[in-house]
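Biologist: Got a minute to go through this model with me? Please put it up.

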Amino acid sequence: MISISRAYGTQKLYIVYLGEKKHDDAALVTASHHDMLSTILGSKEEALASITYSYKHGFSGFAAMLTDDQAQDLADLPEVISVTPNQNHELMTTRSWDFLGLNLDQQPPNLDHQPPNKLLQRSKYGEDVIIGIFDTGIWPESRSFSDHGYGPIPSRWKGVCQLGQAWEGTNCSRKIIGARYYPAGLDKADQEANYMSPRDINGHGTHTASTAAGAVVEGVSLHGLGVGVARGGAPRARIAVYKVAWQTTKRVQLSSIAVLAALDDAIHDGVDILCLPIVLNDDSFGALHAVQKGITVVYGAGNSGPRPQVISNTAPWVITVAATKIDRSFPTAITLGNNQTLVGQSLYYLLKNESSSEFKPLVHGGSCSGEALNGTIINGKVVLCIAENFGPTQDILPDVITNVKSGGAFGAIFALYTIDVLSSTDDCLGMACVIVDIDIGFQAATYIGSQRLPIVKIEPARNITGKQVPAPKVAFFSSRGPSVKYPTVLKPDIAAPGVNILAAIGDGYGFDSGNSMSTPHVAGIVALLKAVHPHWSHAALKSAIVTTASTKDEYGNPMLAEALPRKVADPFDYGGGNINPNAAVDPGLVYDIDPRDYNKFFACNMQKYKICNITTTLPGYHLNLPSIAIPELRRPIKVQRAVTNVGNVDAVYQSDIQSPIGVKIKVDPPSLVFNATQKVHSFKVSITPLWKVQGDYTFGSLTWHNEHHSVRIPIAVRITIQDFYADVA
């Protein structure tokens, strides 16, 4: 055996991907990794010291500390598919289930007496479906994870309950059936700031797990706000915890090597659904292997909106979720000294020693930057802060809140571009923090300028739900398409509630917003669908939620999207639309995909330094996806699709085409007839440009419908005449 050793240089973590495993015995796979690394490092001892994780269940590969030269030597081996540096990624940070139509008419134990036509009852509340949660861990003592009334753990489960700091075997249960943690690469100082176990110190993982599969808990609220029944989408599903994210001094750390190790273990453990409320820009090959093993993988789109082309997790083999607002708001009355009442939104509540609100002095703090507040006495007063720059509240508010609190202010009124992400005011911690729009801010500023001693009274927030609150609406922060990496794949796939979601945090409950909240909504719904249709493929489940989604609000008007300015939403905002679980369980037709086709279309497992080659000879829009995206239409093209009948055996569907502006679309055949022998139909979609122009995307749809079903897929087309199509000044 020839040994190569070039040990000089700084070591860093690399991921070495070897494709499909060559042995069924995991020990043999790991041994082969040690042997390979020994040839590079010179000895078995150095290989064992270098290797961090061995991926041996779902696929073959390993993570190791290597110099750049050693990584290059590994990449040159013929059996190595790719060698990539480890990357750190991001997390995406009660009423929602009722808003989606999953009303909890009766608690789960009395299943035998439920009507058979409702999704919750038909699915037995997701009973025994196993959801893997990739996040910051879990707080097992939360009431949302009670295993009262649960039967034995499903026999197919092969996972473990990994013990650690403040985590004993009894912390796993018939609800939390498995738990693992992945601390490799975490600095010693950061290790001391975390539980070295599956226990959640951050709260994020507990929140997402309870949103996806939390048990039914009555009487939940945050100081009286959002009061009601807290539960997950699939309240009888089982939870498997994979702690891949860790609290550090500056942020939450999430590394590629940990996520891949968890994906490998999850494939082995026997999960049915993977919920990853994280940004993973390399479109992990681990997720592809999971899908090819029959696991449904759900990712968040990211929190970088409303800019276009910032969407993450855009691989065609995963479900990518955007975030929307539900029909709930928290109006907060602001009474000025002249008895004028303005209204904003907040999560403000009275402290235990307060019986009622009182008038307080009101001052104008400008932008409330440190410089703006310099010399302004704000102790015990309410400060009006008006944002000078437009941007995400998570970028604007933290510093402003810190400045106002450090000055001893009683409260603050933040005038921002219209937005409803109230969780950004969490740091106020009982201080009266109200968000208002620019118009309300101007009225408050005008009042301050007209008075010698302006005063204001802020009342506690109230709850409002129902049609008074226009919904759904795409959240401001939700990342938008099109995908830069895979422009022939329309992303996101679907949208779900992700604004001001109340769920478990530690022993209590709290609000949070982000794609981290929308992702577990979809994971929970997929669990219900999988319980009803256990033999449906990942692609069929994805098709069902995309083709039945809604693009209208509760009044039948087109959904809106928060942006600058607010606009009518399109498929790059919400994919197929806002998820409709009761329709998804009976979609009529599905666009199914053989998971091996992903390799054929995207040349996966064939590139040395890339997971997949995105410039293949066969464009991605020919894959049988429940959407069509044509990024460069210069001449007529034909795209083929196939649908499988999963509804009534004998059925006839007619096509309805909404062509994008400047494009003519024709479908052949225009109608489809299904019977006992004809369960699958193929059809061709002809797409013809009507203009010769360097254009932008326009949108349309193709719907197959009959008296029982409407099966709609979104279409995005951009007409071009030149190789470049960016707007150039």
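Modeller: Here are the disulfides, then one strand and one helix. This is a predicted model: local features need pLDDT of at least 70, side-chain atom pairs count only at pLDDT 80 or more, and totals for chains, interfaces and linings use all residues. Residues are numbered from 1 along each chain as its sequence is written, and side-chain values use heavy atoms, with hydrogens and water left out.

Biologist: How many disulfides does a search of the whole structure find?

Modeller: Three, counting cysteine sulfur pairs within 2.5 Å.

Biologist: What does Cys161 join to?

Modeller: Cys172, with S to S at 2.1 Å. The S-S torsion is about 95 degrees, so this disulfide is right-handed. Both cysteines lie in the loop between strands E6 (130-135) and E7 (176-181), so the pair ties together parts eleven residues apart in sequence. Strands are DSSP runs of at least two residues (E), helices of at least four (H or I), numbered from the N terminus.

Biologist: Cys428 and Cys433: left-handed or right-handed?

Modeller: Left-handed, with -105 degrees about the S-S bond. Both cysteines are buried (under 20% relative accessible area; exposed is over 50%, partly exposed in between; 1.4 Å probe, protein chains only).

Biologist: New topic. Which strand do five bridges join to E18?

Modeller: E19 (residues 341-345), antiparallel. Pairing takes at least two DSSP bridges. E18 also pairs with E24 (residues 455-458), antiparallel over three bridges. Ile334 has Leu342 as its bridge partner in E19 and stands opposite Ile458 in E24.

Biologist: And helix H14, how many residues are buried?

Modeller: Ten of its ten. Lys542 is among them.
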